[in-house]
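Please take me through this model in the viewer, one selection at a time. Tell me what to select next and what is found there.

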Amino acid sequence: MDSILLFDDPAIRGSLLPFTFTRPVAEIRVGILKISEKWEKITQSSVSFLTQDYLQSKFPRKSGKALAINGALLPDEMLLSRLKNLDKDEALYFGKTLLATYIGETEKNLDFARDKKIIQLQAEPSLLLKPWNIFQLNGAEIKKDFAVLTKGRQSAKITDPFTRVYAPENVFVEEGAVIRAAVLNAENGPIYIGRNTEIQEGTLIRGPFALCEGSTLNMGAKIKGDTTVGPQSKVGGEVSNSVIFGYSNKGHEGFLGNSVVGEWCNMGADTNTSNLKNNYAPVKLWDYTKGGYASTGLQFCGLMMGDHSKCGINTMFNTGTVVSVGANIFGDGFPRNFVPSFSWGGAGPVSTYLFPKFLETAKAVMGRRGQELTAVDEEILATIFDLTKNYRIWETSS
């Protein structure tokens, strides 16, 4: 197949903030893999990105013609078959949403697709349209990714005599994983244990579940189904139907449910998220495209936390809270249901997390994982700091 260009659909990208402040849509993790990695695996082709100008240097576009695919589109074999038969002068749509078309080397937007023959996909595809779709679709995507990653391969053996496994045929363990005195129940869905991971004593896991490379489940962790812990993360306490993108810590007791947590986040001990309102009403969530709260239509919806955000011990997040990029939350009481980027504070008075101080912390956090905050990263974060200034209303009112 031709080289693949994963594009940010302007009609979708804004609805997936705060996660798309710091990455193209296709770099969102749902299931075991990022969307971009899914396309690489299923097509055996290289991928590149057509995204916001300030992100393009970190997520470059390769030269040459390519098959442009909507970055919010989750692949499967049926869809792949349809794309292989797509002609150069055709554009594949579902309703008004462009799914795929061929793009020239110099074209920088998708307006030219309007001149092509429109082909409508009959079966509804899997698309990430809202942040909560990430945890909604996570269980199904774990199953799809599990099948792709384990096809024709043999799992490493679990040798610990005190670990109990239910439905072992649905458990796959990569080399270097260490499991001690745990219970793995894969009767309701597969469990994927990545390379060089650690599952400590007393951990309880129900599938579908994915633990990605280099991550740790701390002693006594209780992990319910449809959950993904991305690479190089540390997780403890109780987690249910949530996605942690990677390089983040929720190492202590506390509940995280129906939530999405970005990269380089840290939750202090006994942080808890509410995922159900007391009156059982549908949860409202901050919507960047509307500049206000909108109903999700969901009864269960917890926390959406953008990259590089942190919260102190005993933090309590109300049902349907959005924390944007680079926030530092602390103090007693419930923070607001929308915490703008680079906020400093909690339920009480809030000020701005000054950018130089933020960078000091980010560099220290990434250094502990052997990673570097590059000049490109700093430029992206500085751009986000400026882009989100209007949300920090205390700055404009002072």
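Begin with the lining of the largest pocket, which by class holds 15 charged, eleven nonpolar and two polar residues. The model is a predicted one. The volume of this largest pocket is about 710 Å³. To centre the view, select Leu33, Lys41, Asp145, Val148 and Leu149, which are the closest to the pocket's centre of the 28 residues that line it. Next colour α2, α4 and α6, the elements that each give two or more residues to this lining. With six residues, α6 gives the most.

Stay with helix α2 and select residues 35-43. Which of its residues are buried? They are Ile35, Ser36, Lys38, Trp39, Ile42 and Thr43. Looking down the helix, you will find these residues on the same side of α2, because they cover an arc of only 160° around the axis. An α-helix has 3.6 residues a turn, so residues three or four places apart point the same way. To see what covers the buried residues of α2, show β1 (4-7), β2 (47-50), β3 (66-70), β4 (73-74), α4 (77-84) and α6 (138-150), which are included in that cover. Just after the helix comes Gln44, with a positive phi near 55°.

Now pick out one residue of α2, Lys38. Is Lys38 buried or exposed? Its relative accessible area is 3%, under the 20% limit, so Lys38 counts as buried. Leaving aside residues up to four places away in sequence, Lys38 touches Val30, Gly31, Leu33, Leu74, Pro75, Glu141 and Asp145.

The next stop is the largest nonpolar core. Of its 65 residues, select Trp39, Ile69, Ile134 and Met304, which touch the most other members. Helix α7 (residues 355-368) gives the most to this core, with five residues. Then narrow the selection to Ile69 and show its contacts: with residues up to four places away in sequence not counted, Ile69 touches Ile4, Leu5, Leu6, Phe7, Trp39, Leu83, Leu99 and Ala100. Another core, of 34 residues, lies apart from the largest one, and Ile179, Cys311, Ala327 and Ile329 are among its members.

Move on to the second largest pocket, which has about 490 Å³ of space. Which residues are the closest to its centre? Of the 22 residues that line this pocket, select Phe7, Asp9, Pro10, Ala11 and Leu110. Two elements to colour here are α1 (10-13) and β6 (97-103), which give two or more residues each to the lining. The most comes from α1, with three residues. By class, the lining of the second largest pocket has ten nonpolar, seven charged and five polar residues.

Finish at Val283, in the loop between β27 (272-273) and β28 (284-287). Val283 counts as buried because its relative accessibility is 0%. Show its contacts: Val283 touches Lys277, Ala294, Ser295, Thr296, Gly297, Leu298, Gln299, Cys301, Thr319 and Gly320, again without residues up to four places away in sequence. For a last check with the distance tool, pick the C-alpha atoms of Val283 and Ser341, which are 22 Å apart in space and 58 residues apart in sequence.

Notes: Residues are numbered from 1 along each chain as its sequence is written. This is a predicted model: local features need pLDDT of at least 70, side-chain atom pairs count only at pLDDT 80 or more; totals for chains, interfaces and linings use all residues. Side-chain values use heavy atoms; hydrogens and water are left out. Buried means under 20% relative accessible area, exposed over 50%, partly exposed in between (1.4 Å probe, protein chains only). Helices (H or I, at least four residues) and strands (E, at least two) are DSSP runs, numbered from the N terminus. The arc is that of the directions from the helix axis to the C-beta atoms. Contact means heavy atoms within 4.5 Å. On a 1 Å grid over the protein atoms alone, a cavity is a set of points where a 1.4 Å probe fits but cannot get out, and a pocket is an open set with protein on both sides within 12 Å along at least five of seven lines; lining residues have an atom within 4 Å of a point. Grid points are joined across faces, edges and corners, and a volume is the space filled by probe spheres set on the points. Ala, Val, Leu, Ile, Met, Phe, Trp, Tyr, Cys and Pro count as nonpolar, Asp, Glu, Lys and Arg as charged, and the others, Gly among them, as polar. A nonpolar core is a set of buried Ala, Val, Leu, Ile, Met, Phe, Trp, Tyr and Cys residues joined through side-chain atoms within 4.5 Å.
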